[in-house]
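Work through the exercises below with the sequence and the model side by side. Try each task before reading its solution.

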Amino acid sequence: VTERTSCEHVREVAPDVALGLLTGEERAEALDHLEGCEACRAEVASLAVTADEVLLASPEADPPPGFADRVLARLTSERAAGDVLPDVSGAPRAAGVGPVGPRASRPRRTLRVVALAAAAAVLVVVAGLVAVGRDGGGAGDDVAVAVMRTGGGHVVGEVTAAGSDPTVVTLDVPGWDEVLERWGDAPAGDYWLVAEQEDGTRTMRALATDVEDWSMQVDAPVDDIATVSMVDSDGRVWCTGWFAPT
Amino acid sequence: VWEVSYEALFAGYASGDPEAAAAFVRRVERNVYGLALAIVHDPAEAQDVAQEALLRAWRFAASFDPRRGSVMAWLLGITRNVALDSVRGRGRRPATVADVPAAWSVDTTDLGDVVDRRDDAARVIDLVRDLPPAQRDALVSVTLLGLSTREVSERDAIPHGTVKTRVRLALRKLRDDMGVRQ
């Protein structure tokens with residue numbers, strides 16, 4: 001244990017960790033220490049709870065008339081659509097859909113790598129998944145979007161497959177961000193991003209959890225991609241998105 | 001009048017119960033919209049942000065853990081993140097010297113005009129107000145406005161290290177005053 005990663009140092013920067021103010025190597029070192037130090041985790045967790053509670057002191061304001069009704073109407077339509085997420089192909093948004101959506105979110109840190117062509121045995125267990133479907137994208141590219149579900153059926157994000165051989169697969173798990181920001185003891189360790197084609201060919205990429213944008217290139221047309229999963233280093237699937245067969 | 005807790009209403013909201021959903025949205029809309037407006041400074045954009053935050057809360061309801069804090073704090077955290085995404089997605093930075101009027105810091109740190117708060121929020125407001133002013137401003141800028149300590153340093157023309165120290169002291173003092181268990 002180095003001096004920088006001692007309990008004393010981590011206690012000093014614990015507020016920064018709780019507030020998400022650390023970046024890069026300093027953050028990685030702190031998180032590494034927290035993984036093995038229950039006392040420091042408790043310190044950070046208590047500060048994170050406090051930081052969240054500060055939000056209760058935020059100002060209030062009356063929204064425009066009809067705001068609640070519009071939210072409820074959107075909620076009803078999303079439920080009726082069975083978790084189908086908004087189109088993210090870059091096409092103009094539908095009326096009533098504001099400029100803020102899952103895909104208009106924070107700047108993305110990007111992993112763009114040449115995919116490993118991985119074959120081998122089937123690793124990804126797909127169960128209880130909901131197909132979403134495929135969209136025609138713009139500029140000659142195909143775009144497919146699927147919701148990411150955990151084994152328990154919870155929707156935790158979405159995956160986009162865009163392009164036409166090669167395809168860029170991009171995973172967006174806002175829930176994961178929330179988990180990391182809120183909880184110092186979030187699921188730790190590296191994950192794999194695994195895209196499986198309909199013929200069983202798999203493309204994998206190590207997925208460090210301190211990297212925000214999870215993308216990889218798959219040397220196949222978008223229509224050939226069947227599933228995309230987040231798999232931990234022990235081979236356990238945390239969530240999967242299943243593209244509907246064309 | 002709904003007498004049930006936020007948590008109970010949120011459970012109904014998450015499950016899609018129409019009556020609970022309507023009650024939940026109407027109970028929280030002033031908080032969600034108010035925070036969105038404080039960050040984006042544009043009523044139309046704030047409405048989009050607030051709507052997206054509420055929908056995102058429904059989509060990711062499964063990630064809410066009541067052991068980690070209140071529904072309202074969780075929801076406002078989502079709102080803040082969506083608002084900051086919106087601001088920064090448009091190439092802006094929230095609350096910088098260049099694009100934020102001087103009234104900004106007054107709006108968000110002068111908490112005395114907040115009315116009709118529930119007990120828990122009122123207590124937090126009191127405790128935040130009791131912080132030393134410099135510490136309070138630094139903490140509010142980071143937590144409510146989502147600024148980095150460096151951005152606060154640039155905005156207020158004070159050393160970066162000073163801002164970090166103020167934020168750390170403020171958060172620890174607030175934690176102790178609130179009695180949050182370690």
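**Exercise 1. Place V168(A) in its chain: which strand holds V168(A), and is V168(A) buried, partly exposed or exposed?**

Solution. Start with the element. V168(A) sits in strand β5 of chain A, residues 167-172. Now take the accessibility. The relative accessible area of V168(A) is 25%. Buried requires under 20%, and exposed requires over 50%. V168(A) is therefore partly exposed. Last, look across the chain. S215(A) is 47 residues from V168(A) in sequence, yet their C-alpha atoms are 6.7 Å apart in space. This is a predicted model, so every value here is computed from predicted coordinates.

**Exercise 2. Summarise each chain: how many helices and strands does chain A have, and how many does chain B have?**

Solution. Count the elements of chain A. Chain A has five helices and 10 strands. Then count those of chain B. Chain B has nine helices and zero strands. Its order from the N terminus is α-α-α-α-α-α-α-α-α.

Next, burial. Chain A has 246 residues, of which 48% are buried. Chain B has 182 residues, and 58% of them count as buried.

Finish with contact range. Take contacts in chain A with a separation of 6 or more: 58% of them link residues 24 or more positions apart. For chain B, consider contacts between residues at least 6 apart in sequence; 56% join residues at least 24 apart.

**Exercise 3. Check the length of helix α3(A): what span should its 17 residues have?**

Solution. Helix α3 of chain A covers residues 38-54. The expected span is 1.5 Å times one less than the number of residues. For α3(A) that gives 24 Å. The end C-alpha atoms of α3(A) are 24 Å apart, so expectation and model agree.

Now list the buried positions. In α3(A) they are C40(A), E43(A), V44(A), S46(A), L47(A), A48(A), T50(A), A51(A), D52(A), E53(A) and V54(A).

**Exercise 4. Describe how α3(A) packs: at what angle does α3(A) meet α1(A), and at what angle does α3(A) cross α2(A)?**

Solution. Two quantities describe a helix pair: the angle between the axes and the distance between the axes.

Take α1(A) first, residues 7-18. Its axis and that of α3(A) lie 8 Å apart, at an angle of about 25°. Angles under 35 degrees count as roughly parallel. So α1(A) and α3(A) are roughly parallel to each other. Their crossing is right-handed. On the α1(A) side, the contact residues are C7(A), V10(A), R11(A), A14(A), P15(A), V17(A) and A18(A). On the α3(A) side, they are A39(A), C40(A), E43(A), V44(A), L47(A) and A48(A).

Turn to α2(A), residues 24-35. The axes of α2(A) and α3(A) come within 7 Å and cross at roughly 120°. That makes α2(A) oblique to α3(A). Here H33(A), L34(A) and E35(A) of α2(A) meet C40(A), R41(A) and V44(A) of α3(A).

**Exercise 5. Map the surroundings of S141(B): which residues does S141(B) touch, not counting residues up to four places away in sequence?**

Solution. Locate the residue. S141(B) belongs to helix α7 of chain B, residues 133-143. Its relative accessible area is 3%, so S141(B) is buried. Beyond four places in sequence, S141(B) touches G146(B), L147(B), V152(B) and R155(B).

Look at one partner more closely. The side chains of S141(B) and R155(B) form a polar contact of 2.8 Å. R155(B) lies in helix α8, residues 149-156, and is one of its buried residues. The others are T149(B), E151(B), V152(B) and S153(B).

Add a residue further along the chain. V167(B) is 26 residues from S141(B) in sequence, and the C-alpha to C-alpha distance is 9.3 Å.

**Exercise 6. Examine positive phi in chain B: where is A157(B) found, and where is H41(B) found?**

Solution. Begin with A157(B). It follows just after α8(B), in the loop between α8 and α9 (160-178). Its phi is near 55°, a positive value in a residue other than glycine. With a relative accessible area of 68%, A157(B) is exposed.

Move to H41(B). Its loop lies between α2 (18-40) and α3 (43-59) of chain B. H41(B) is not a glycine, but has a positive phi of about 65°. At a relative accessible area of 38%, H41(B) is partly exposed.

How values were computed. Residues numbered from 1 in each chain as written. Chains lettered and ligands numbered in written order. Predicted model: local features only at pLDDT ≥ 70, side-chain atom pairs only at ≥ 80, totals over all residues. Heavy atoms only, no water. Helix = DSSP H or I, 4+ residues; strand = E, 2+ residues; numbered from the N terminus. Buried < 20%, exposed > 50% of the residue type's maximum accessible area, 1.4 Å probe, protein only. Contact = heavy atoms within 4.5 Å. Polar contact = N/O pair within 3.5 Å; in protein donor to acceptor, adjacent residues only side chain to side chain. Axes fitted to C-alpha atoms, helices over the stretch in contact; angles between N-to-C directions. Parallel < 35°, antiparallel > 145°, perpendicular 65-115°, else oblique. Left-handed = near helix turned anticlockwise from the far one by under 90°.
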